[in-house]
Amino acid sequence: MRYLLAVGAAGLLLASCSDGAPGEATEAQQGDGTDTVDLAEFPDRPYWGDTHLHTDVSVDAFGFGVRLGPEEALRFARGEEVTATTGMKAQLDRPLDFLVIADHSDAMGATRRLYDAPRMMVRDPTLRRWYDMMHESPEQSTRAVAELITAAANDEIPEAFRDPERQAAATRELWDRHLDVLDRYNEPGRFTAFAGFEWTLMPSGNNLHRVVMFRDGSAKTREVLPYPGLDGDVTGLWDYMDAYEETTGGKVLAIPHNSNLSNGQMFELVGPDGGAMSAQYARRRAAREPVVEATQIKGDSETHPFLSPNDEFASFGVAGWELGNLPLTERSTPDMYAGSYLRSALLRGLTLEERLGVNPYAFGLIGSTDSHTALATGDEDNFFGKHTGNEPSAERAMDAQNLGTRQGRFGWHYLAGGYAAAWARGNTRAEIFDAFMRREVYATTGPRMVLRLFAGHDFAASDWGGDWVRAGYTRGVPMGGELEDTGRAPTFLISALKDPDGANLDRVQVVKGWVDAGGEAQEKVFDVAWSAREMDGASDSPVPPVGDTVDRLRATYKNTIGAAELRATWTDPEYRRGQRAFYYVRVLEIPTPSWVLYDAVRFGLKLPDNVIEANVIQERAYSSPVWLRPKNRPQTRPQVGDAPPIMEAE
């Protein structure tokens, strides 16, 4: 078995090369981008990217069938046409600005090595069965990986698959070559290729995964290997991150994702040992995990109708994913939801801060894909599937997607994915990473809406007539910032522009969470700008539905409703002095078809009525919150790098 784990890497890497690869990386490409491009005075535009993409290096992605490697993934993200594993041509309408290839750190490249090994060398009976299944058919290969994931969840991976010495040697070879590829495709000012990996802690099948993202170029990231994580707890990952920064002087952060599949364990009120959460633990979490992935292919984690019964838009991306943990080995119950969804976690952060003096859950929000096809696309009309087994086909919408079982999750429950938008001064590793650390980032479910948010105490509608961005930075704080409570109600400048290639906007909402005088967590959603003409002028009545132009049979819609731009100058009407609160913005598009309806047209499908109606959706963006911070309490997030000034509102 030592031979098994050692072979195949060379073949893998040769297979990943392409004829159109850039030449050797320059010194600028190998670094973090500092002093390589002219920077804007303030973050002047959102840079679009995906922080969560898997290639054939991931143990599950290869088993699911993907045969595209990191190089094809980078070419696709930069806007080039590539050939997907199933033979179709694939290309983005618009290139991305940055990418994190986040292959699983556990057993990196191992399924390809198993697949490529001589059968006679595979002596472990479980591995030999998986070997045979992987060679029998794509369907059997998918079942083999499903068994592998379940075995990992139950700590039953065969010892032959765990050889740490050989795995470390193979990972070293893969990692070094991967960093070389990243540097060659990293082009400061045009496209940023980050080093990263996915850490895959999954006790009893409950998803506690994190994507790890480095700020630095290969000179520093080569000093470490991706950290494996099937066992232990999250403090082991933070120790690894601490050691990396102390040893290299670099920077690294972690991004929790799919909290919706954690069965309440991602945002617990206790520490990892089940005891009371300590201030030290809370402080480390806040420092190490500044952002959380709010939306991706495997559902949306903003909130759940059970938690937010007064929020009419709370059910987006919930269906199918609320049933249980990742492999559906344990069913979810409503008492778990508060630890699984972000809005509740933000509320828990406020209550924990009251006790500990530090908020462990003061995070920003991003979206990404979690695609296992090496194709980073979150576009409904260009959805290439969660994995190669559900790349475009006539069957994928109605196929069961429970890793080979039929327990209630089907293809049409997948979202097309999401993107991360980072407000930065330039497109470099350092600038975009620092935007993540400042939480000056936001999530979308795919459309590239431009969302800007500032909070202060003296903003007025007249600010829109001047340099309101400068006003935002010099008299307030941007999304992700903390505004000191001065005894005056906070006022927000909110601007939302439609995706120039997408649908009009329905409305802009502010989601507020706070702790009341009795110590109880509360939430409320405010409509602050909307497009419905009948609501022009002030009114206390609910904003009516924007309308629906979707042609279900043709998968089309019309921008005859909605608005191209919405702005609001909004002051919290329910502010109370001394109240600790957070505010984030949610922007909704008008109804549009999901990928399922595009598939129905492409393949001539007849879908059940309930599936059709569930796939007329209102895509959305989530800003990172602004927190109202008690006077004289220090900020939770340190400044990093040469970041743009974030002023304290007076």
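Modeller: Before we start, a residue counts as buried when its relative accessible area is under 20%. And keep in mind that this is a predicted model.

Colleague: Fine. Why is tryptophan 48 called buried?

Modeller: Its relative accessibility is 6%. The cut-off is under 20%, so tryptophan 48 counts as buried.

Colleague: And what makes the pair of tryptophan 48 and tyrosine 442 edge-to-face?

Modeller: Two numbers. Ring centres have to lie within 6.5 Å to pair, and planes over 60 degrees apart count as edge-to-face. The centres of tryptophan 48 and tyrosine 442 are 5.8 Å apart with their planes at 80°, so the pair is edge-to-face. The structure holds 26 aromatic pairs, and this is one of them.

Colleague: How do you know that the pair links distant parts of the chain?

Modeller: Tryptophan 48 belongs to strand β1 (residues 45-53) and tyrosine 442 to strand β13 (residues 441-444), which puts them 394 residues apart. Tyrosine 442 has 0% relative accessibility, so that partner counts as buried too.

Colleague: What about tryptophan 238 and tyrosine 281: why is that pair called tilted?

Modeller: Their planes make an angle of 50°, and the rings are 5.2 Å centre to centre. Stacked needs under 30 degrees and edge-to-face over 60, with the rest called tilted, so tilted is where this pair lands. Tryptophan 238 sits in helix α11 (residues 234-248) and tyrosine 281 in helix α12 (residues 279-288), 43 residues apart.

Colleague: Is tyrosine 281 buried or exposed?

Modeller: Buried, because its relative accessibility is 11%. Tryptophan 238, at 0%, is buried as well.

Colleague: What makes you say the charged end of arginine 67 sits over the ring of phenylalanine 62?

Modeller: The distance to the ring centre is 3.7 Å, and the limit is within 6 Å, along with an angle within 35 degrees of the ring normal. The charged end of arginine 67 also sits over the ring of tyrosine 115, 5.3 Å from its centre.

Colleague: Stepping back, how do you know that the protein chain is as compact as a globular protein of that length?

Modeller: Its radius of gyration is 24 Å, close to the 26 Å that the globule rule gives for 650 residues, so the description fits. Of those 650 residues, 63% count as buried.

Colleague: And which residues have the most contacts inside the largest nonpolar core?

Modeller: That core has 105 residues, and those with the most contacts include Leu74, Phe214 and Val587. Helix α13 (residues 342-356) gives the most to this core, seven residues. Apart from it lies another core of 25 residues, with Phe64 and Met202 among them.

How values were computed
Residues numbered from 1 in each chain as written. Predicted model: local features only at pLDDT ≥ 70, side-chain atom pairs only at ≥ 80, totals over all residues. Heavy atoms only, no water. Core = buried A, V, L, I, M, F, W, Y, C linked by side-chain atoms within 4.5 Å. Buried < 20%, exposed > 50% of the residue type's maximum accessible area, 1.4 Å probe, protein only. Helix = DSSP H or I, 4+ residues; strand = E, 2+ residues; numbered from the N terminus. Phe/Tyr/Trp six-rings, centres within 6.5 Å; stacked < 30°, edge-to-face > 60°. Rg over C-alpha atoms; globule rule 2.2 N^0.38 Å.
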